[in-house]
Amino acid sequence: MQLKSLKPLIVVFGTSLLITITLIKNFQVFMGISICLLAMLKIMDIEAFGISFKKYDLISSRFNQWIYIYPFCELLIGISFLLSAPPSSVILIAFILGIIGMASVFKAVYLDKLKLNCACVGGYAKTPLGIISFIENLLMTIMSGLILLR
């Protein structure tokens, strides 16, 4: 895996980390900023995102309009993570989408053995779908679970 293919993810998460450190906030804020930035990249060219996403996402492979809904759900989740008391309904959606995202990536990469690019940073990035995508969904699931347990 080339470092260049990971550049969009490194930039998004690096920027989120620097903003978080500057604001002296917690991991929930880091996740909120990161998710908002990732949603922004998808929304910038939603058609290109959708072409990549449909190749592995379990929902969009059955419901075509999901590619137009998911980035805005992700943006809402990111904004909710930035609130001190995020709405439980949005956090529950984040938890469910995180689990579905992990299942989608696991199926595509480890069961179907597909060599795909991750749509997580938009449609044109050459970031390979794999462990990083799985971890992104895992972190969203963990963060959502922690918030729901409060």
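Student: Hi! Before we dig in, what does "contact" mean here?
Tutor: Contact means that heavy atoms lie within 4.5 Å. Keep in mind too that this is a predicted model.

Student: Okay, let's try that on M140. Which residues is M140 in contact with, leaving aside neighbours within four places in sequence?
Tutor: With those neighbours set aside, M140 touches M31, I35, Y70, I77, F81, A94, L97 and G98. M140 also belongs to the largest nonpolar core, where it is among the residues with the most contacts inside that core.

Student: How many residues does that largest nonpolar core have, and which others have the most contacts inside it?
Tutor: The core has 33 residues. Along with M140, the ones with the most contacts inside it are F53, Y56, I77, F81 and L129.

Student: And which helices supply at least two residues of this core?
Tutor: They are α1 (3–23), α2 (27–44), α3 (46–53), α4 (66–82), α5 and α6. Of these, α5 gives the most, with seven residues.

Student: Why would nonpolar side chains be together like that?
Tutor: As a general tendency, nonpolar side chains in soluble globular proteins are buried together.

Student: L97 came up in the M140 list. Where does L97 lie?
Tutor: L97 lies in helix α5. With a relative accessible area of 9%, L97 is under the 20% limit, so it counts as buried.

Student: What does L97 touch, again without the neighbours within four places?
Tutor: Its contacts are I59, W66, Y70, C73, I77, N137 and M140. For a distance across the chain, take L97 and Q28: they are 69 residues apart along the chain, and their C-alpha atoms are separated by 17 Å.

Student: New topic: charges. How many salt bridges does a search of the whole structure find?
Tutor: The search finds two. One joins K42 and E74, whose closest N and O atoms are 2.8 Å apart. The other is between the side chains of K107 and D112, at 2.6 Å from N to O.

Student: Let's do K42 and E74. Which helices do they lie in?
Tutor: K42 is in helix α2 and E74 is in helix α4, so this pair ties together parts that are 32 residues apart in sequence.

Student: Are K42 and E74 buried or exposed?
Tutor: Both of them are buried. For K42 the relative accessible area is 2%.

Student: What else is K42 in contact with, apart from its neighbours within four places?
Tutor: Besides E74, K42 touches F49, Y70, P71, A119, C120 and G122. As for P71, it is 29 residues from K42 in sequence, yet their C-alpha atoms are 6.1 Å apart.

Student: Back to K107 and D112. What are their relative accessibilities?
Tutor: K107 has 36% and D112 has 39%. Each value falls between the 20% and 50% limits, so both residues count as partly exposed.

Student: Then there's K113. What's its phi, and where is its place?
Tutor: K113 has a positive phi of about 55°, although it is not a glycine. Its place is the loop between α5 and α6, and at 61% relative accessibility K113 counts as exposed.

Student: I like loops! Where is S60, and is it buried or exposed?
Tutor: S60 sits in the loop between α3 and α4. S60 is buried, with a relative accessible area of 1%. Not counting residues up to four places away in sequence, it touches F53, K54, W66 and I67.

Student: What about cysteines? How many disulfides are there?
Tutor: The count comes to zero. C36 is in no disulfide, and its nearest cysteine sulfur is that of C73.

Student: Why isn't there a bond between C73 and C36?
Tutor: Their sulfurs are 13 Å apart, and because a disulfide needs sulfur atoms within 2.5 Å, that is too far. C36 is also buried, with a relative accessible area of 16%.

Student: Last thing: the surface. Which residues make the nonpolar patch there?
Tutor: It is made by F106, Y110, L111, I131 and I135, and covers about 470 Å². Helices α5 (88–111) and α6 (131–149) each supply at least two of its residues, with the largest share, three residues, coming from α5.

Student: And I135, which helix is that in?
Tutor: I135 is found in helix α6, and it is partly exposed, at 39% relative accessible area.

Technical notes:
Residues numbered from 1 in each chain as written. Predicted model: local features only at pLDDT ≥ 70, side-chain atom pairs only at ≥ 80, totals over all residues. Heavy atoms only, no water. Patch = residues over 30% accessible without salt bridge, like charges linked within 9 Å, V, L, I, M, F, W, Y side chains within 5 Å. Areas by Shrake-Rupley, 256 points an atom, 1.4 Å probe, with all protein chains shown as cover. Salt bridge = Lys/Arg side-chain N within 4 Å of Asp/Glu carboxyl O. Helix = DSSP H or I, 4+ residues; strand = E, 2+ residues; numbered from the N terminus. Buried < 20%, exposed > 50% of the residue type's maximum accessible area, 1.4 Å probe, protein only. Core = buried A, V, L, I, M, F, W, Y, C linked by side-chain atoms within 4.5 Å.
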